[in-house]
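Q: Please take a close look at a single helix of this model and at the parts of the chain that surround it. A connected account of its burial, its packing and its neighbours would be welcome.

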Amino acid sequence: MNSSALLARFRAEVRDEAQPYLWSDPEVYSYLDDAQKMFCRLQGGIADATSAATQLTVAAGTEFSSLSPLILKLRAARNADTGRDIELLNYEDIQFGRSGVTYDYGVFNGYKLDSTPGEVRALIEGMEPNKVRWVRIPSQDLVVKILIYRMPLQNITAANQNLEIDEHHHLHLLHWMKHLAHLKQDAETYDRGRADQFRTEFFAYCDQAKAEREKREHKFRTVAYGGY
């Protein structure tokens, strides 16, 4: 369903099909836009390996590189020139190792956080918003490919726009749209009880969608048992 189809479905469900409308088209599109974005936040985002946001061009000597603010999570990274994986580390790993052992500042996982040039072996998240810090500092220009979860690339603002999330989720966005609609400060539209009800239904669906995605992505491993 595109934005026009969802607007029509919204009007049918809230019985707002006669003009003058209780909610204008721009208002409904803003509710739809926010619903898709909220779904991404709660469910984990849109898996992406091909958009412009997944390629970082890094000049030699670069210490930090900017990420798209649409990125919710980095899943993997690799040097596109050599094909070698780049380890993902969080800034907290500098202070506390994954086992909980305190590290001396600047040394962690065998890496030293300084300006030593060389082949990039890791990236660090969390030092600055929407940026990563390279370890080591690249000694030559390179391209880094990243696998991400992200927010939608485009805002929903008008008729006949396509959504980025899978179509089987589209109708469930109506819960959040109606939640927002019933918070409109107008005697004919405001209804806190219904707004809360639709919010609860939307959050429950997002939890279900997240659980289903995590189940699909889970890698099953064979466990060897001793004994018999």
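A: In this predicted model, the buried residues of helix H2 are Val28, Tyr29, Tyr31, Leu32, Asp33, Ala35, Gln36, Lys37, Met38, Phe39, Cys40 and Gln43. The helix itself covers residues 25–43, 19 residues in total. From first C-alpha to last, H2 reaches 27 Å, close to the 27 Å expected at 1.5 Å a residue. Gly44 follows H2 and has a positive phi, near 120 degrees.

The buried residues of H2 pack against both helices and strands. The helices are H1 (3–14), H4 (173–181) and H5 (192–217); the strands are S1 (46–48), S4 (71–79) and S12 (142–150).

The contact with H1 can be described in detail. The axes of H1 and H2 come within 10 Å and cross at roughly 105 degrees. Angles of 65 to 115 degrees count as roughly perpendicular, and H1 and H2 are therefore roughly perpendicular to each other. On the H1 side, the contact is made by Ser3, Ser4, Leu6, Leu7, Phe10 and Arg11; on the H2 side, Asp25, Val28, Tyr29 and Leu32 take part. Sorted by class, the contact of H1 with H2 has six nonpolar, two polar and two charged residues.

Trp23 lies in the loop between H1 and H2. With a relative accessible area of 2%, Trp23 falls under the 20% limit and is therefore buried. Beyond its neighbours within four places in sequence, Trp23 is in contact with Phe10, Arg11 and Val14 of H1, and with Val28 and Tyr31 of H2. The other contacts of Trp23 are Asp16, Ala181, His182, Lys184 and Thr189. Thr189 is 166 residues from Trp23 in sequence, yet the two C-alpha atoms are 8.4 Å apart in space.

Helix H5 is another of the elements that the buried residues of H2 pack against. H5 has 26 residues and reaches 37 Å from its first C-alpha to its last, close to the 38 Å expected at 1.5 Å a residue. Its buried residues are Ala195, Phe198, Phe202, Tyr205, Cys206, Ala209 and Arg213, and what covers them includes H2, S12 and H4.

Lys210 belongs to H5 and is partly exposed, at 33% relative accessibility. Apart from its neighbours within four places in sequence, Lys210 is in contact with Leu42 and Gln43, both of which belong to H2. The C-alpha atoms of Lys210 and Phe39 are separated by 9.6 Å, although these residues are 171 residues apart along the chain.

H4 and H5 are in turn linked by aromatic rings. The count of aromatic pairs comes to five. In one pair, the rings of Trp176 and Phe203 have their centres 5.9 Å apart and their planes at 25 degrees, so the pair is stacked. This pair links distant parts of the chain, with Trp176 in H4 and Phe203 in H5, 27 residues apart. Trp176 is buried, at 5% relative accessible area, whereas Phe203 is partly exposed, at 25%. Ring pairs link Trp176, Phe202 and Phe203 into a cluster.

Definitions and conventions
Residues are numbered from 1 along each chain as its sequence is written. This is a predicted model: local features need pLDDT of at least 70, side-chain atom pairs count only at pLDDT 80 or more; totals for chains, interfaces and linings use all residues. Side-chain values use heavy atoms; hydrogens and water are left out. Helices (H or I, at least four residues) and strands (E, at least two) are DSSP runs, numbered from the N terminus. The expected span of a helix is 1.5 Å times one less than its number of residues. Buried means under 20% relative accessible area, exposed over 50%, partly exposed in between (1.4 Å probe, protein chains only). Contact means heavy atoms within 4.5 Å. Axes are lines fitted to C-alpha atoms, for helices over the stretch in contact, and angles run from 0 to 180 degrees between N-to-C directions. Angles under 35 degrees count as roughly parallel, over 145 as roughly antiparallel, 65 to 115 as roughly perpendicular and the rest as oblique. Ala, Val, Leu, Ile, Met, Phe, Trp, Tyr, Cys and Pro count as nonpolar, Asp, Glu, Lys and Arg as charged, and the others, Gly among them, as polar. Rings of Phe, Tyr and Trp (its six-membered ring) pair if their centres lie within 6.5 Å; planes under 30 degrees apart count as stacked, over 60 as edge-to-face and the rest as tilted.
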